[in-house]
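I set out to record what can be looked up in this structure, entry by entry. The notes follow the order in which I took up each topic.

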Amino acid sequence: MLLFRYAPLLKSLLYTDYVIFKQMIVDKAIDLLIWVSTIAFVTGYLMPSFGVEITFGSFMVAGVCASSGLFEVFPSVMHQVSDFEGDRIISYYTTLPMPTSLVFVRMFLYYALSAMVLGSFILPVSKLILWNRFDLSNLHVPKFILAFVMVNFLYGALTVWTISRVKSAAKIGSVWMRFIYPMWYLGGFQFTWYVMHRFFPAFAYVNLLNPMSYVMEVIRGSILGAEGYINYWLCLMMLLFFIVFFMWHGIRRLKKQLDFI
């Protein structure tokens with residue numbers, strides 16, 4: 001296969017990305033841990049004092065675990081689009097002896113793997129903060145690991161696709177308000193799909209077009225138990241569909257945008 005043929009070169013490029021990422025990981029981890037700690041404290045300790053169920057904290061930190069990689073999309077898009085308009089380091093990668101499609105596969109893998117590294121801190125930190133208020137007795141470890149990998153692959157593919165949709169650095173701010181935030185907030189960060197279906201069934205079916213619906217459901221189902229969530233394997237199947245679509249369409253657009261064809 002093409003990927004295996006160019007695996008050594010791809011591995012070298014990813015190692016270079018790793019060296020750069022290692023310089024940023026502390027700051028990124030601190031930012032993420034502040035967000036996780038804030039959500040865990042407010043939803044796990046403060047909100048139950050106002051009558052919210054004590055399990056709400058577990059529900060919310062599971063949502064944070066599911067969606068943390070989404071918040072890496074915006075800075076990644078900003079960095080890459082700025083490069084397109086500035087230094088065009090991307091041009092160096094296109095001169096390497098490998099198909100241009102693999103340049104974008106390398107981007108996809110880097111974004112996905114970096115999101116996995118950062119997201120791996122969330123569950124243990126949340127458990128330390130909430131302790132007995134975060135019940136992990138229903139955690140299915142193999143299913144969680146598989147879901148976690150698939151979810152972050154989705155974020156990697158989504159980043160590539162979003163880069164292909166942003167035409168200039170001046171329009172990057174619209175990515176958050178018009179795209180990422182609505183997709184995240186309407187995708188079930190504070191509710192399950194079945195709760196939405198109970199009160200707004202028509203909108204719930206429309207929301208099945210939102211990949212974040214499957215992200216939230218598959219991660220929460222593997223952490224908190226399958227009951228009350230969309231079928232695990234159906235979620236994985238839909239995530240795979242979105243990954244393939246975002247990569248195919250994103251690479252196609254980027255090739256045209258950067259005049260590779």
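**Entry 1: salt bridges**

I began with K28, which is partly exposed, its relative accessible area being 21%. I note here that the model is a predicted one.

I then looked up the partner of K28. E72 forms a salt bridge with K28, and the closest N and O atoms are 2.8 Å apart. K28 belongs to helix α2 and E72 to the loop between α3 (56–67) and α4, so the pair ties together parts that are 44 residues apart in sequence. E72 has a relative accessibility of 23% and therefore counts as partly exposed.

I asked how many salt bridges the structure holds. The count is two. In the other entry on my list, the side chains of R106 and D17 meet at 2.9 Å, N to O. D17 is in helix α2 (residues 7–46) and R106 in helix α6, so this pair ties together parts that are 89 residues apart in sequence. I checked whether these two residues are buried or exposed. R106 counts as buried at 7% relative accessibility, and D17 counts as buried at 5%. As a general remark, side chains of opposite charge can pair when their charged atoms come close.

**Entry 2: Y93**

I moved on to Y93, a residue of helix α5 (residues 90–94). Its relative accessible area is 12%, and Y93 is buried because the cut-off for that class is under 20%. I listed its contacts, setting aside residues up to four places away in sequence: Y93 touches L13, D17, V103 and R106. Two of these names recur from the previous entry, since D17 and R106 meet each other in a salt bridge.

I also looked up Y93 against I243. The two are 150 residues apart in sequence, and their C-alpha atoms are 23 Å apart in space.

**Entry 3: helix α13**

I243 led me to helix α13, which covers residues 232–257 and has 26 residues. From first C-alpha to last, α13 reaches 37 Å, close to the 38 Å expected at 1.5 Å a residue.

I asked which residue caps the N-terminal end of α13. The cap is N231, with a side-chain oxygen 3.0 Å from the backbone nitrogen of W233.

I then went through the buried residues of α13. Among them are Y232, C235, L236, L239, F242 and I243. Further along the helix, the buried set includes F246, M247, H249, G250, I251 and L254. The buried residues of α13 pack against α4 (73–85), α6 (100–119), α8 (141–165) and α12 (211–224).

**Entry 4: helix α12 and its ends**

From that list of partners I took up α12. This helix has 14 residues and reaches 20 Å from its first C-alpha to its last, close to the 20 Å expected at 1.5 Å a residue. I asked why α12 is described as largely enclosed by the rest of the structure. The reason is that 13 of its 14 residues are buried.

At the start of α12, I found a side-chain oxygen of N210 within 2.9 Å of the backbone nitrogen of M212. At the other end, α12 is followed by G225, which has a positive phi near 110°.

Within α12 I looked up S213. S213 counts as buried, at 2% relative accessibility. A polar atom of its side chain lies 2.9 Å from the backbone oxygen of N207. Leaving aside neighbours within four places in sequence, S213 is in contact with G187 and N207.

**Entry 5: a nonpolar surface patch**

I next recorded a nonpolar surface patch of about 710 Å². It is made by L186, V195, F199, F200, F203, V206 and L209. I asked which helices each supply at least two residues of the patch. They are α10 (193–199) and α11 (201–206). L209 lies in the loop between α11 and α12. At 68% relative accessibility, L209 counts as exposed.

**Entry 6: W131**

My last query concerned backbone angles. W131 is not a glycine, yet its phi is positive, at about 50°. I located W131 in the loop between α7 (122–130) and α8. At 47% relative accessibility, W131 counts as partly exposed.

How values were computed: Residues numbered from 1 in each chain as written. Predicted model: local features only at pLDDT ≥ 70, side-chain atom pairs only at ≥ 80, totals over all residues. Heavy atoms only, no water. Helix = DSSP H or I, 4+ residues; strand = E, 2+ residues; numbered from the N terminus. Expected span 1.5 Å × (residues − 1). Buried < 20%, exposed > 50% of the residue type's maximum accessible area, 1.4 Å probe, protein only. Contact = heavy atoms within 4.5 Å. Polar contact = N/O pair within 3.5 Å; in protein donor to acceptor, adjacent residues only side chain to side chain. Patch = residues over 30% accessible without salt bridge, like charges linked within 9 Å, V, L, I, M, F, W, Y side chains within 5 Å. Areas by Shrake-Rupley, 256 points an atom, 1.4 Å probe, with all protein chains shown as cover. Salt bridge = Lys/Arg side-chain N within 4 Å of Asp/Glu carboxyl O.
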